[in-house]
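Student: I should like a close look at a single part of this structure, set in the context of what surrounds it. Please take one helix and describe it in detail.

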Amino acid sequence: MDWLNAIVQGTLLGGLYALFAAGLSLIFGVMRLVNIAHGDLIVLGAYLGLTVTTATGLHPLLALFLIVPAMGLIGYALQRGMLNQTLGSDLLPPLLVTFGLSVILQNGLLELYTADPQKLDAGSLETASVTVGGLSLGVLPVLTFFVALAVIGGLQWMFYKTPLGRAFRAVSDNQDIAQLMGLNRRHIFGLAMALALGVTAIAGILLGIRTSFDPSIGGGRLIFGFEAVIIGGLGNLWGTLVGGIILGIAQTIGAKIDPGWQLLAGHIAFLVILAVRPNGLFPRTTE
Amino acid sequence: MPEPTLKIHGLNAHYGDFQALYGVDMQVSQGEVLAIIGANGAGKTTLMRSITGLLSNGRGQVEYRGEDISGLRADQVATRGLAMVPEGRQLFPSLSVRENLMIGAQVGRKGPWNLKAVYDLFPILEQRKDQASTSLSGGQQQMVAIGRALMANPDLILFDEISLGLAPIIIKDIYDALPGIIGEGMSAIIVEQDISKALSVSSRVYCLQEGRVSLEGDANTVSRDDISRAYFGIE
Ligand SMILES: Nc1ncnc2c1ncn2[C@@H]1O[C@H](COP(=O)(O)OP(=O)(O)OP(=O)(O)O)[C@@H](O)[C@H]1O
Ligand SMILES: [Mg+2]
């Protein structure tokens with residue numbers, strides 16, 4: 001029962017990791033950009049949540065209706081104002097620029113909010129639990145997991161069933177020819193980043209309700225997201241969810257063996273999968 | 001003579017230090033079909049890329065319907081009614097046949113071409129509409145590339161070597177379909193290696209040689225000798 005519990009808790013935790021990863025996966029899929037600042041953008045989402053909830057008294061989940069569009073706008077502006085200029089045949093400039101952005105974000109947050117750990121107050125949601133088949137499950141992790149399912153299902157639908165998704169795939173395939181079809185790739189990239197940061201906002205708020213955060217934790221979230229993306233296979237959103245779940249389960253099982261092993265177990269699972277399947281479990285087939 | 005739809009004046013094009021086009025002058029009138037011929041590397045594809053905005057041009061070098069489009073991005077040029085069937089088809093591999101066609105309509109121009117019209121022209125595409133575009137034969141892929149360009153309801157359509165790598169019978173099919181495609185006032189520029197094929201469907205012909213126009217003439221009256229001289233540069 002203990003082990004089953006660890007697996008179920010790990011699966012739920014994987015939902016949060018999948019949310020960390022979804023934005024990263026989307027950005028990489030559309031424009032081959034590895035966003036080193038992704039983790040710090042998640043933390044930025046959490047801090048925006050903090051500001052909005054303390055200023056208005058809104059519940060953090062309601063604050064999402066403000067923060068998701070706000071992060072979307074930031075994403076669009078960031079892409080058009082800065083990141084588009086770094087994109088080309090060379091992978092290094094975007095890496096360097098997003099690394100710089102990561103440093104700027106961390107220090108900016110430190111100036112504004114200090115290094116004190118903060119938390120979002122979600123009231124009774126934080127402690128509520130339900131009992132399912134003898135297992136006690138926190139309502140928040142369950143909610144997070146279903147949000148992750150909905151977000152990834154939604155992204156998948158958007159990607160394969162809507163004109164916007166078609167445009168994303170076309171630009172990803174061949175930027176020049178997509179441009180000939182009347183698609184301005186700079187705008188399309190802006191929309192992709194807007195969407196990715198919208199998802200990042202959700203991840204940030206759920207993170208901030210679940211645990212305390214400070215300006216320095218972005219790097220760790222980036223690693224989890226990155227590992228989930230790689231385990232699942234680049235450019236495959238459902239794979240990203242599976243990757244998040246595998247990572248989550250590895251961590252809870254590791255923690256069960258020895259509490260100090262939680263993070264290490266996750267990284268080991270990542271390395272093992274990378275060694276066995278270098279392209280991840282479900283690499284995108286059309287290439 | 002009506003005011004030309006497309007006016008190219010002193011067009012230069014560069015790839016880094018390499019100059020690929022030298023002061024090209026060219027005009028297309030409304031409803032006219034123009035053939036462009038020239039040896040490999042003469043600059044035909046470069047000319048197409050310059051017209052469509054994939055290469056940037058100097059100010060005033062490309063004028064379309066009285067507007068200077070030299071400085072516009074390719075998507076802005078497309079919205080104004082210029083479409084291209086690029087060399088080597090260049091379909092989107094992640095998109096199905098139907099999606100490849102649909103994305104051609106992205107510019108949102110009104111006109112006779114829609115999915116149904118393209119399927120009427122190339123019935124095989126309707127049977128294959130949900131397949132990955134890469135799973136089609138070369139000729140079928142060329143049909144998708146043509147359909148994709150038509151879906152934009154262009155006023156001027158550029159064909160860059162649509163017969164490249166296709167069996168003669170398929171080429172014949174495609175050329176037989178051309179008059180039905182180019183009609184209703186649409187103008188076309190056809191780039192082709194097969195000179196007689198190009199001349200048979202066009203009214204005027206330009207020959208490019210090492211980035212310069214070496215011949216301009218009436219497709220019906222231009223002589224073989226003039227062409228081989230312009231093509232190979234043999235005096
Ligand atoms: N991307 C590029 N970078 C550098 N040089 C290029 C590039 N593309 C073409 N060129 C050069 O420009 C010249 C014209 O090339 P272009 O592709 O326009 O020829 P073309 O007439 O279309 O030939 P083909 O009949 O073989 O298609 C050639 O000398 C070619 O080497
Ligand atoms: Mg060519």
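Tutor: What follows considers one helix of chain A, then its chain, and then the partner chain with its ligand.

The model is a predicted one. The part chosen is helix 8 of chain A, which covers residues 185-210. Its 26 residues reach 37 Å from the first C-alpha to the last, close to the 38 Å expected at 1.5 Å a residue. Is this helix mostly covered, or is it mostly open? Helix 8 of chain A is mostly covered, with 22 of its 26 residues buried. In general terms, an α-helix has 3.6 residues a turn, so residues three or four places apart point the same way.

The surroundings of the helix can be described through the nonpolar core. The largest such core has 155 residues, and those with the most contacts inside it are Leu19(A), Ala22(A), Ala192(A), Ile202(A) and Ile205(A). Helix 8 of chain A gives the most to this core, namely 16 residues.

One residue of this group, Ile205(A), may be followed further. Which residues does Ile205(A) contact, leaving aside its neighbours within four places in sequence? Its partners are Gly45(A), Ala46(A), Gly49(A), Pro60(A), Ala63(A), Leu64(A), Ile67(A) and Leu120(A). Contacts between residues distant in sequence can also be considered for the whole chain: in chain A, of the contacts with a separation of 6 or more, 76% join residues 24 or more positions apart.

The helix belongs to a chain with 11 helices and 2 strands. Read from the N terminus, the elements of chain A follow the order α-α-α-α-β-β-α-α-α-α-α-α-α. The radius of gyration of chain A is 19 Å, close to the 19 Å that the globule rule gives for 287 residues, so chain A is as compact as a globular protein of that length. Along the principal axes, its C-alpha trace spans about 60 × 50 × 35 Å. Of the 287 residues of chain A, 49% count as buried.

Chain A also touches chain B. The contact takes 15 residues from chain A and 21 residues from chain B. On the chain A side, helix 6 (163-173) and helix 7 (175-180) each supply at least two residues. Helix 6 of chain A gives the most to that side, with 5 residues. By class, the side of chain A that touches chain B comprises 5 nonpolar, 6 polar and 4 charged residues.

Chain B has 9 helices and 10 strands. Its radius of gyration is 17 Å, which agrees with the value near 18 Å that a compact globule of 235 residues would have. The C-alpha atoms of chain B fill a box of roughly 50 × 40 × 35 Å along the principal axes. Buried residues make up 46% of the 235 residues in chain B. Among contacts in chain B with a separation of 6 or more, 65% are between residues 24 or more positions apart.

Finally, the ligand. The residues around ligand 1 include Tyr15(B), Phe18(B), Asn40(B), Lys44(B), Thr45(B), Thr46(B) and Glu87(B). Strand 2 (18-28) and helix 1 (44-51) of chain B each supply at least two residues of this shell. The largest share, 3 residues, comes from helix 1 of chain B. By class, the shell around ligand 1 has 4 nonpolar, 6 polar and 2 charged residues.

Terms used:
Residues numbered from 1 in each chain as written. Chains lettered and ligands numbered in written order. Predicted model: local features only at pLDDT ≥ 70, side-chain atom pairs only at ≥ 80, totals over all residues. Helix = DSSP H or I, 4+ residues; strand = E, 2+ residues; numbered from the N terminus. Rg over C-alpha atoms; globule rule 2.2 N^0.38 Å. Buried ≥ 20, exposed ≤ 12 C-beta atoms within 10 Å, placed from the backbone. Contact = placed C-beta atoms within 7 Å. Nonpolar A, V, L, I, M, F, W, Y, C, P; charged D, E, K, R; others polar. Core = buried A, V, L, I, M, F, W, Y, C linked by C-beta atoms within 7 Å. Near = placed C-beta within 6 Å. Expected span 1.5 Å × (residues − 1).
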